[in-house]
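Please look over the sequence and the model shown here, and keep both at hand while reading the report.

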Amino acid sequence: MSVADLTRNAVDVLPEGALEEKLKLGRPLRIKLGIDPTSPDLHLGFAYALENLRAFQEAGHEIVLIVGDYTARIGDPSGRSAERPVLDGEVLDANAKEFERQAYRIIDPVRTTVRFNGEWLGKLTYEETVRLCRTMTVARLLERDDFAKRFAAHAPISLSELLYPLMQAYDSVAIEADIEVGGTDQLYNLLAGRDVMTQYGLEPQTVITYPLLIGLDGEEKMSKSKGNYVAVQDPPEEMFGKVMSIPDDLLEQWWSICLGRESAQGDPMESKLALARGIVEKWHDAEAAKRAEGHFTRVVREGEAPEEVPEAALPGDGTVHLPALLVEHLAIGSTSEARRLIAQGAVKVNGEIVSELDLPREELDGALVQAGKRRFMRFRAA
């Protein structure tokens, strides 16, 4: 397989000519890709990176998935103005295992190794950490775009955040990576890995970046922390509805990244419908795509209830606090969000808009409650 075939979707392959030299080594190359374990979901943007790495496996090379269980305790902003939340170790481990299971839908487990960077980062002594810190200057760290912007704006940057590129680079040292891949927003960190590897007397890694899939909000990259993503394990109806919600100006990119082709449809709505069908069929099957489109047409386009609606028991006696009911059973994020939906006329009971926050229990017995366009639940007295 040629270099052009291996990198046909890449944005950066750096430095020039380095990948060709790596391929001449005559052995399987170790290709490093970091995993964020703060959520178990594998989204369409990350799936695209894995799909590109499958070509390397087919050429006989090995993927090393680095689960950032230790660096997740530090927090990498990656262009954001705040650190990632720190999660309990057991949660991180469970998320990583579920993510790995989903990844094997795309890549070959036989040619994949999974490593947790806590294996080596957790063993670094203070002396070894200081040695690592000596491999890079503060001025070099502040060249990173998000750090530079925050520094110029006098926004706080914690010392732990400044350590993140060094820790990610040390992952490359620990596994002696030949290649590291990531999104274009990770270019600085990947190049920093080259500098640090050189300081440890290792042949520096080649860097490959891939384009970032813009998320459902139409503004920022698809991200688990932003919640603007489509997960490969989303139910067909939810996946179809999410794809239909993207802005029209994302159609070209989504067709290219998610399905690897251009849309044959000129009309944006028809193009989006075809895109949604294609994505659901790719991650589920043709029958699931057909059902999902029927569900979308019935519920969203025609404003009717789904053919099958889940049921739940009404709580307590007397009056029922509607915001609490929406949070518990219709996956609304908070009672304040539920109150906003009610105030906006986005909550219906048996097809009628409701404005009250508290309703008599008997009024909700057997009633169909709708929040927004796609969330339904029928309630019955226990």
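The report treats one helix and its surroundings, and then a pair of helices.

This is a predicted model, in which local features need pLDDT of at least 70 and side-chain atom pairs count only at pLDDT 80 or more, while totals for chains, interfaces and linings use all residues. Residues are numbered from 1 along each chain as its sequence is written, and side-chain values use heavy atoms, leaving out hydrogens and water.

Helices (DSSP runs of H or I, at least four residues) and strands (runs of E, at least two) are numbered from the N terminus. The buried residues of helix 4 (buried means under 20% relative accessible area, exposed over 50%, partly exposed in between, with a 1.4 Å probe and protein chains only) are Leu92, Asn95, Ala96, Phe99, Gln102 and Ala103. Seen down the axis of helix 4, these residues fall within an arc of 125 degrees (taken from the directions from the helix axis to the C-beta atoms), so they line one face of the helix. On the other side of helix 4, Glu90 and Lys97 are exposed. Asn95, which lies in helix 4, counts as buried because its relative accessibility is 10%.

The buried residues of helix 4 pack against these elements (contact means heavy atoms within 4.5 Å):

| Element | Residues |
|---|---|
| strand 2 | 30-35 |
| helix 3 | 44-58 |
| strand 3 | 62-67 |
| strand 4 | 112-116 |

Elsewhere, helix 15 (residues 322-329) passes helix 16 (residues 335-343) in a right-handed crossing (the near helix is turned clockwise from the far one by less than a right angle). Their contact includes Leu322 and Pro323 of helix 15 and Thr335 and Ala338 of helix 16.

Methods. Axes fitted to C-alpha atoms, helices over the stretch in contact; angles between N-to-C directions.
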